[in-house]
Amino acid sequence: MLYTSIEKYITSLNTASIPKERKEVLQPLVDYMRSKVDISAPIALNFVCTHNSRRSHLAQIWAQTIGAHFEINDLACYSGGTEATAVYPMVIHTLKNIGFQITDDSAADNPRYNIKFGEHDAPVIGFSKKYDAPFNPTSRFAAVMTCDHADENCPFIPGAERRIPVTYIDPKISDGMPEQEATYFERSEQIATEMKYVFNHLV
């Protein structure tokens, strides 16, 4: 069961606000996941962005959380980059404000975060890594490209059954500016709303 604040937040997301053009972008992801559900096969998604620090983590966390909301079984969501950096702190701040319970178990430059969305659900383990790191799947997964740079500069993801571009504007454009917090919240909400739209097509 999800934390009450997160459950209420997901319920409030308005998928009708998604433009037709974005629904067309999301359709290949819907189709891939539906093909797995139809044969009762596990779903594995690896969200890929250049630095694995912002968009790919938001997409991974929201996909896992909203999958739990819709009670999608055998779902495992991952993230990776073309290089490893660190989860950007404003991502963690944004998720905490929505109701995620987050701790980190390392003071290193690239900390590992335990990101819980429900009392009895396993946490999402969030840390920056390359898309082909041992933590991530090596076969039978879809590579979901969340940024244009990674999509253009990483044309081959070993082991991926499908490569699906679902790109987002980088909230990094607001770093150090007064609108930073609002921009990260907006990007998080866009990703959450679109993941709700995708998963709603599986039930």
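**View 1. Strand β6 of the predicted model between its neighbours β1 and β7.** In this predicted model, strand β1 (residues 43-49) and β6 pair in the parallel sense over 4 bridges, and asparagine 46 stands opposite alanine 143 in β6. Strand β7 (residues 160-165) is joined to β6 by 5 bridges and also runs parallel to β6, with proline 165 of β7 as the bridge partner of methionine 145. Because 5 of the 5 residues of β6 are buried, the strand is largely enclosed by the rest of the structure. In a regular strand the side chains alternate between the two faces of the sheet. Both faces of β6 are covered, with Phe141, Ala143 and Met145 buried on one side and Ala142 and Val144 buried on the other.

**View 2. The open antiparallel sheet β3-β4-β5 and the helix packed on it.** The 3 strands of this open sheet follow the order β3-β4-β5 with antiparallel pairing, and the edge strands, each pairing on one side only, are β3 (101-104) and β5 (124-126). Neighbouring strands of the sheet are turned by 25 degrees against each other on average, when direction is ignored. Between strand β4 (residues 113-116) and β5, which run antiparallel, there are 3 bridges, and asparagine 114 has isoleucine 125 in β5 as its bridge partner. Helix α3 (residues 55-69) packs on the sheet, where it touches β4 and β5, and the direction of α3 makes about 175 degrees with that of β5.

**View 3. The packing of helix α3 against helix α6.** Helix α6 (residues 180-200) and α3 pack at an angle of about 40 degrees, their axes being 9 Å apart, which means that α3 is oblique to α6. The crossing in which α3 passes α6 is right-handed. On the α3 side the contact is made by Arg55, Leu58, Ala59, Trp62, Ala63, Ile66 and Gly67, and on the α6 side by Ser188, Ile191, Ala192, Met195, Lys196 and Phe199.

**View 4. Two residues with positive phi in the loop after α3.** Most residues other than glycine have a negative phi. Glutamate 71, although not a glycine, has a positive phi of about 55 degrees, and its place is in the loop between α3 and β2 (75-81). With a relative accessible area of 66%, glutamate 71 is exposed. Aspartate 74, likewise not a glycine, has a positive phi of about 55 degrees and lies in the loop between α3 and β2. The relative accessible area of aspartate 74 is 52%, so aspartate 74 counts as exposed.

**View 5. Proline 134 in the loop between β5 and β6.** Proline 134 lies in the loop that runs between β5 and β6 (141-145), and at 84% relative accessibility this proline counts as exposed. The C-alpha atom of proline 134 is separated by 22 Å from that of tryptophan 62, a residue 72 positions away along the chain.

**View 6. Cysteines 49 and 77, without a disulfide.** A search of the whole structure finds 0 disulfides. The cysteine sulfur closest to that of cysteine 77 belongs to cysteine 49 and is 16 Å away, too far for a bond, since a disulfide requires the two sulfur atoms to be within 2.5 Å. Cysteine 49 is buried, with a relative accessible area of 6%, and cysteine 77 is buried with a relative accessible area of 7%.

Notes: Residues numbered from 1 in each chain as written. Predicted model: local features only at pLDDT ≥ 70, side-chain atom pairs only at ≥ 80, totals over all residues. Heavy atoms only, no water. Buried < 20%, exposed > 50% of the residue type's maximum accessible area, 1.4 Å probe, protein only. Pairing = 2+ DSSP bridges. Axes fitted to C-alpha atoms, helices over the stretch in contact; angles between N-to-C directions. Contact = heavy atoms within 4.5 Å. Parallel < 35°, antiparallel > 145°, perpendicular 65-115°, else oblique. Left-handed = near helix turned anticlockwise from the far one by under 90°.
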